[in-house]
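Take a moment to look over the sequence and the model before reading on. The paragraphs below begin with one small feature and then move outward and inward through the chain.

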Amino acid sequence: MINGCRMLRNAKIKKEIERLKKERLKLDFLSESDIFQKYMDIAFGDIGDYVKFGKKQVPQWAKDKKGKWIPVIDPNTNMQKIVEYSYVDLKESIEVDTSIISEVSEGKNGIKIKLADRMKALDWLSNHMNMATDEQKARLELLKAQKAKLESDGNMDSEATEQKIDNIASILSQMEPVKDEDISD
């Protein structure tokens, strides 16, 4: 017991114990800021972070009577027909934050991705504003203003809301952390 107490004063040993604890149970080391950030991630979650979608144009092909693939020719232009279709591609799971995905399923209409509930996260954030950093508070205000703008749907307040969004976005851009390469000697 005496040696254990003495060894805990050694910074390297203490650091290794903390590292092992983090590996074992990461929840022990969550700070209020970490929890608040996770709710921010949910509130600002964007489906575009998980899928890529759009339209593609591809040449049209068909099988002939012998089962061989041949190009489909447009009789008006005498060129191969081009077909346009919509697509949805999933991004690799190692490229995205999977912790805010609540469900992934495949049905007859394709793959469905459901993110954690934004409104619940926004409610939680509203109730816990005192835990937020200044940047987190500004981001939350921006999200609220964007929500109000969408809800206003052409009301007189929309111009004031637009101004508020612009002001908050300006503040956020000024709050971005300074990078080492931005600092000169």
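**From a hairpin to a buried core**

In this predicted model, strands S7 and S8 form a hairpin that has two residues between them. The two strands, S7 covering residues 101-107 and S8 covering residues 110-115, run antiparallel and are joined by six bridges. If you look for a pair of residues that face each other here, you will find Gly107 standing opposite Gly110 of S8.

Stepping back to the whole protein chain, its secondary structure comes to six helices and eight strands, and when it is read along the sequence these elements follow the pattern α-α-α-β-β-β-β-β-β-β-β-α-α-α. Of the 185 residues in the protein chain, 17% count as buried, while the area that the protein chain exposes is about 15100 Å², with carbon and sulfur atoms supplying 52% of it. Among the contacts in the protein chain with a separation of 6 or more, 57% are accounted for by residues 24 or more positions apart.

Helix H3 is a good place to follow the chain inward. H3 has twelve residues and reaches 17 Å from its first C-alpha to its last, which is close to the 16 Å expected at 1.5 Å a residue. Which residues of H3 are buried? They are Phe36, Met40, Ile42 and Ala43, and because they cover an arc of only 160° around the axis, they lie on the same side of H3. It helps to recall that an α-helix has 3.6 residues a turn, so residues three or four places apart point the same way.

One of these residues, Ile42, is found in H3, which spans residues 32-43. Ile42 has a relative accessible area of 15%, and it counts as buried because this value is under the cut-off of 20%. Leaving aside neighbours within four places in sequence, Ile42 is in contact with Ile100, Ala116, Asp117, Arg118 and Ala121. The C-alpha atoms of Ile42 and Ile101 are separated by 9.0 Å, although these two residues are 59 residues apart along the chain.

The largest nonpolar core has 16 residues, and those with the most contacts inside it are Phe36, Met40, Ala43, Tyr50, Leu125 and Leu140. To this core H3, helix H4 (118-127) and helix H5 (134-152) each supply at least two residues. Tyr50, again leaving aside neighbours within four places in sequence, is in contact with Asp89, Leu90, Lys91, Val96, Asp97, Ile100, Ile101, Ile113 and Leu115.

Terms used. Residues numbered from 1 in each chain as written. Predicted model: local features only at pLDDT ≥ 70, side-chain atom pairs only at ≥ 80, totals over all residues. Heavy atoms only, no water. Helix = DSSP H or I, 4+ residues; strand = E, 2+ residues; numbered from the N terminus. Buried < 20%, exposed > 50% of the residue type's maximum accessible area, 1.4 Å probe, protein only. Contact = heavy atoms within 4.5 Å. Core = buried A, V, L, I, M, F, W, Y, C linked by side-chain atoms within 4.5 Å. Pairing = 2+ DSSP bridges. Areas by Shrake-Rupley, 256 points an atom, 1.4 Å probe, with all protein chains shown as cover. Expected span 1.5 Å × (residues − 1). Arc of directions from axis to C-beta.
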